[in-house]
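I sat down with this model to look up a few things and jot them here as I went. These are my notes, in the order I made them.

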2 protein chains.
Amino acid sequence: MEKLTENLQEPTLGQLLAQVSRLIGRHRQLKLASIGLHHAQGMILSLLCRNDGMSQMELGHALHIRPPTATNTLQRMERDGWIMRQRDPADHRLVRVYLSDKAKDFHEEIRLSFHELDQELNSILDAQERETLRACLEKVNDYLTATVVKHVVDEEIR
Amino acid sequence: MEKLTENLQEPTLGQLLAQVSRLIGRHRQLKLASIGLHHAQGMILSLLCRNDGMSQMELGHALHIRPPTATNTLQRMERDGWIMRQRDPADHRLVRVYLSDKAKDFHEEIRLSFHELDQELNSILDAQERETLRACLEKVNDYLTATVVKHVVDEEIR
DNA sequence: GGTTAAGGATTAGCTTGCTAACTAAAGAGA
DNA sequence: TCTCTTTAGTTAGCAAGCTAATCCTTAACC
């Protein structure tokens, strides 16, 4: 097995990013499994903790996920008792999302699950590296948000 | 919408990583769509170009994916004519994966799709940043590989 | 040699992401 | 006012990741 890894050329930055991202997802899944959450759901709850009553579109924009993904995941979270969803009385197009009591009870555990990952990152990267990493990721994030989202807008216009 | 983003606390490093990773996947998907490939399939083909005839287990180890994921994705790729799969005559437990002629024809396009992403990254990050980013990602990659995989092994032992 | 353990792949069933196509509500303009 | 466009969500259907459980082959051990 090791022979093989040596055979491989150095992965490109993009390949590395893709790989790390998948591993991050699995790591978070392991952390959250103990409280019965899936990895995307933790992020959603942590957003809602600061903005209870967001609309699905606002959630989607903040997390860079598309409307159908939001609908699906939120439907499962409602089914599992983490949130309530109801139409905005003033604008019936909007579906607003509210934390359930159960979600509020787990607020601290959810916050901690993120905190743990960050502490682990702290233990393997020094302050300087973390700073650069964050700056780079933000640049890449901005760039990708622009191009990927722009691409979709182009499609719509085309 | 912008008000909302300002409201949010700075995302943690882990959250940033998770977000960028998803965007990378979408970005690569857009690049590969023109040749009828899905984003995970490009990575697999580019591995096979350097190691035709790998077993599924070797592929899975190299890409950090689990056996069922390998089976599923490779079945789809065989269905779509990118690869052939056949049992190793010497050890019937192994399934070896071979590039089809179609895949070989597209070799250059696949290589280019990775190259383009890297060039885009080059345009937004300077050499120093790329170096640090790569180093950090490799550290994180190694750490996550160890912990996430170790966790699975622990489960098996438990 | 025969039984048991380990290894590799598969199946079933889940979450999460996507696009395309659709519904329904709100807003705009003639 | 009535039509038409835009906006927000939903549904259907796919790819890709996962775990748990199963199957078959090989290796190991008595």
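**Notebook: a walk through the model**

I began with a histidine in chain B: His64(B) has a relative accessible area of 18%, so it counts as buried. This is a predicted model, so everything I write down here is computed from it. I placed His64(B) in the loop between α4 (56-63) and α5 of chain B. Its backbone caught my eye, since His64(B) is not a glycine and still has a positive phi of about 60°.

I then looked up the counterpart in chain A. His64(A) also shows a positive phi of about 60° without being a glycine. I found His64(A) in the loop between α4 (56-63) and α5 of chain A. Its relative accessible area is 17%, which makes His64(A) buried.

**Overall layout**

I stepped back to chain A as a whole. I counted 8 helices and 2 strands there. Along the sequence, they come in the pattern α-α-α-α-α-β-β-α-α-α. Chain A has 158 residues, and 44% of them count as buried. I also checked how far its contacts reach: of those between residues at least 6 apart in sequence, 51% join residues at least 24 apart.

**How the two chains relate**

I laid chain A on chain B, which took a turn of 180° and a shift of 0.0 Å along the axis, with an RMSD of 0.0 Å. The two copies are therefore related as by a two-fold rotation axis. Which C-alpha of chain A is nearest the axis? I got Ser21(A), at 2.2 Å from the axis. I noted too that the same surface serves both copies, as 100% of the contact residues of chain A recur in chain B.

One residue I followed across the chains was Glu129(B). I found Glu129(B) in helix α8 (residues 127-157) of chain B. With a relative accessible area of 15%, Glu129(B) is buried. Setting aside neighbours within four places in sequence, I listed the contacts of Glu129(B) as Cys136(A), Lys139(A) and Ile124(B).

**Aromatic pairs**

How many aromatic pairs does the structure hold over all chains? I found 2. In chain A, the rings of Trp82(A) and Phe106(A) have centres 5.6 Å apart and planes at 70°; pairs over 60 degrees count as edge-to-face, so this one does. Trp82(A) sits in the loop between α5 (67-79) and β1 (83-87), and Phe106(A) in the loop between α6 (101-105) and α7 (107-124), so the pair ties together parts of chain A that are 24 residues apart in sequence.

Is Trp82(A) buried or exposed? I have Trp82(A) as buried, at 2% relative accessibility. Phe106(A) came out as partly exposed, at 24%.

I repeated the check in chain B. Trp82(B) and Phe106(B) have ring centres 5.6 Å apart and planes at 70°, so that pair is edge-to-face. This pair links distant parts of chain B, 24 residues apart, with Trp82(B) in the loop between α5 (67-79) and β1 (83-87) and Phe106(B) in the loop between α6 (101-105) and α7 (107-124). I noted Trp82(B) as buried at 2% relative accessibility, and Phe106(B) as partly exposed at 24%.

The tryptophans have a charged partner as well. In chain A, I saw the charged end of Lys102(A) over the ring of Trp82(A), 4.2 Å from its centre. In chain B, Lys102(B) lies over the face of Trp82(B), 4.2 Å from the ring centre.

While in that loop of chain B, I looked at Asp80(B), which is found between α5 and β1. Asp80(B) is partly exposed, at 27% relative accessibility. I checked Asp80(B) against Gly36(B): they are 44 residues apart in sequence, and their C-alphas are 9.3 Å apart in space.

**Helix α7**

I ended on α7(B), with 18 residues. From first C-alpha to last, α7(B) reaches 27 Å, close to the 26 Å expected at 1.5 Å a residue. I marked these as buried in α7(B): Ile110(B), Ser113(B), Phe114(B), Leu117(B), Asp118(B), Glu120(B) and Leu121(B). Why do they line one face of the helix? Seen down the axis of α7(B), the buried residues fall within an arc of 155°, so they share a face. As a reminder to myself, an α-helix has 3.6 residues a turn, so residues three or four places apart point the same way.

Technical notes: Residues are numbered from 1 along each chain as its sequence is written. Chains are lettered from A and ligands numbered from 1 in the order in which they are written. This is a predicted model: local features need pLDDT of at least 70, side-chain atom pairs count only at pLDDT 80 or more; totals for chains, interfaces and linings use all residues. Side-chain values use heavy atoms; hydrogens and water are left out. Rings of Phe, Tyr and Trp (its six-membered ring) pair if their centres lie within 6.5 Å; planes under 30 degrees apart count as stacked, over 60 as edge-to-face and the rest as tilted. Helices (H or I, at least four residues) and strands (E, at least two) are DSSP runs, numbered from the N terminus. Buried means under 20% relative accessible area, exposed over 50%, partly exposed in between (1.4 Å probe, protein chains only). A charge sits over a ring if NZ of Lys or CZ of Arg is within 6 Å of the ring centre and within 35 degrees of the ring normal. The expected span of a helix is 1.5 Å times one less than its number of residues. The arc is that of the directions from the helix axis to the C-beta atoms. Copies are superposed by least squares on the C-alpha atoms of residues with pLDDT of at least 70 in both. Contact means heavy atoms within 4.5 Å.
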